[in-house]
Amino acid sequence: MAIRLGSTVINVADIETMTRFWSQALHLSPSSGDPDFRLLRGEHVNVSLQRAQTPVTARDQMHLDLYSDDQAAEVDRLTGLGARAVRHVREPDDDYVVMLDPEGNEFCVAAKENL
């Protein structure tokens, strides 16, 4: 049996806000019911959210890299969903925008043509 990534898990304080944000941001369908855990399902990727039992403080231990053919449009769309742009990094072989989700978790939106 081969190993594969089943889901990326993000610890959150407000599971409802984060479910709305990440399901809309990545076009995923959230599971229902459990107040402490949500699996957001997609055709090619899953993201899981779990309510943290202690304050979420270590923001840089893990983040998502999102690839886009239209980086500017996606940054605008995600900002409209409640994210905040932190900085835009432009290097000869790399172009990405560092963003924060509604709880301050970092993620990046990378221009696909540079990957």
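A search of the whole structure, which is a predicted model, turns up three aromatic pairs. Take Phe21 and Phe107 to begin with: their ring centres sit 6.0 Å apart and the planes meet at 55°, so this pair falls in the tilted class. It is a long-range link along the chain, with Phe21 in helix H1 (residues 15-26) and Phe107 in strand S8 (residues 106-111), 86 residues apart. Both partners are hidden from solvent: Phe21 has 2% relative accessibility and counts as buried, and Phe107, at 0%, counts as buried too.

Phe107 also pairs with Trp22, this time edge-to-face, with 5.0 Å from centre to centre and 70° between the planes. Trp22 belongs to helix H1 and Phe107 to strand S8, so here again parts of the chain get tied together, in this case 85 residues apart in sequence. Trp22 is down at 1% relative accessibility, which is under the 20% cut-off and therefore makes this residue buried. Put together, ring pairs join Phe21, Trp22 and Phe107 into a cluster.

Helix H1, home to two of these rings, Phe21 and Trp22, deserves a look of its own. Does its length come out as expected or not? With 12 residues at 1.5 Å a residue, H1 should span 16 Å, and its end C-alpha atoms are indeed 16 Å apart, so the two values agree. The buried residues of H1 are Ile15, Met18, Thr19, Phe21, Trp22, Ser23 and Ala25. As for spacing, an α-helix has 3.6 residues a turn, so residues three or four places apart point the same way. At the N-terminal end, Asp14 acts as a cap for H1, placing a side-chain oxygen 3.2 Å from the backbone nitrogen of Glu16. Just past the other end of the element, His27 adopts a positive phi of about 55°.

Turning to charged residues, the whole-structure search finds three salt bridges. In general terms, side chains of opposite charge can pair when their charged atoms come close. One of the three involves H1 again: the side chains of Arg38 and Glu16 meet at 2.7 Å, N to O. Arg38 is in strand S3 (residues 37-41) and Glu16 is in helix H1, so the bridge ties together parts 22 residues apart in sequence. The two ends sit in unlike surroundings, Arg38 being buried with a relative accessible area of 8%, while Glu16 is partly exposed at 39%.

Another salt bridge brings together the side chains of Asp36 and Arg51, at 2.8 Å from N to O. Asp36 is found in the loop between strand S2 (29-30) and S3, and Arg51 in strand S4 (residues 46-51), so the parts being tied together are 15 residues apart in sequence. Asp36 has a relative accessible area of 35% and is partly exposed; Arg51 is partly exposed as well, at 29%.

The remaining bridge stays within a single helix. Glu74 and Arg77 meet through their side chains at 2.9 Å, N to O, and both lie in helix H2 (residues 71-80), three residues apart, or about one turn of the helix. Glu74 is partly exposed, with a relative accessible area of 25%, and Arg77 is partly exposed at 25%.

Key:
Residues numbered from 1 in each chain as written. Predicted model: local features only at pLDDT ≥ 70, side-chain atom pairs only at ≥ 80, totals over all residues. Heavy atoms only, no water. Phe/Tyr/Trp six-rings, centres within 6.5 Å; stacked < 30°, edge-to-face > 60°. Helix = DSSP H or I, 4+ residues; strand = E, 2+ residues; numbered from the N terminus. Buried < 20%, exposed > 50% of the residue type's maximum accessible area, 1.4 Å probe, protein only. Expected span 1.5 Å × (residues − 1). Polar contact = N/O pair within 3.5 Å; in protein donor to acceptor, adjacent residues only side chain to side chain. Salt bridge = Lys/Arg side-chain N within 4 Å of Asp/Glu carboxyl O.
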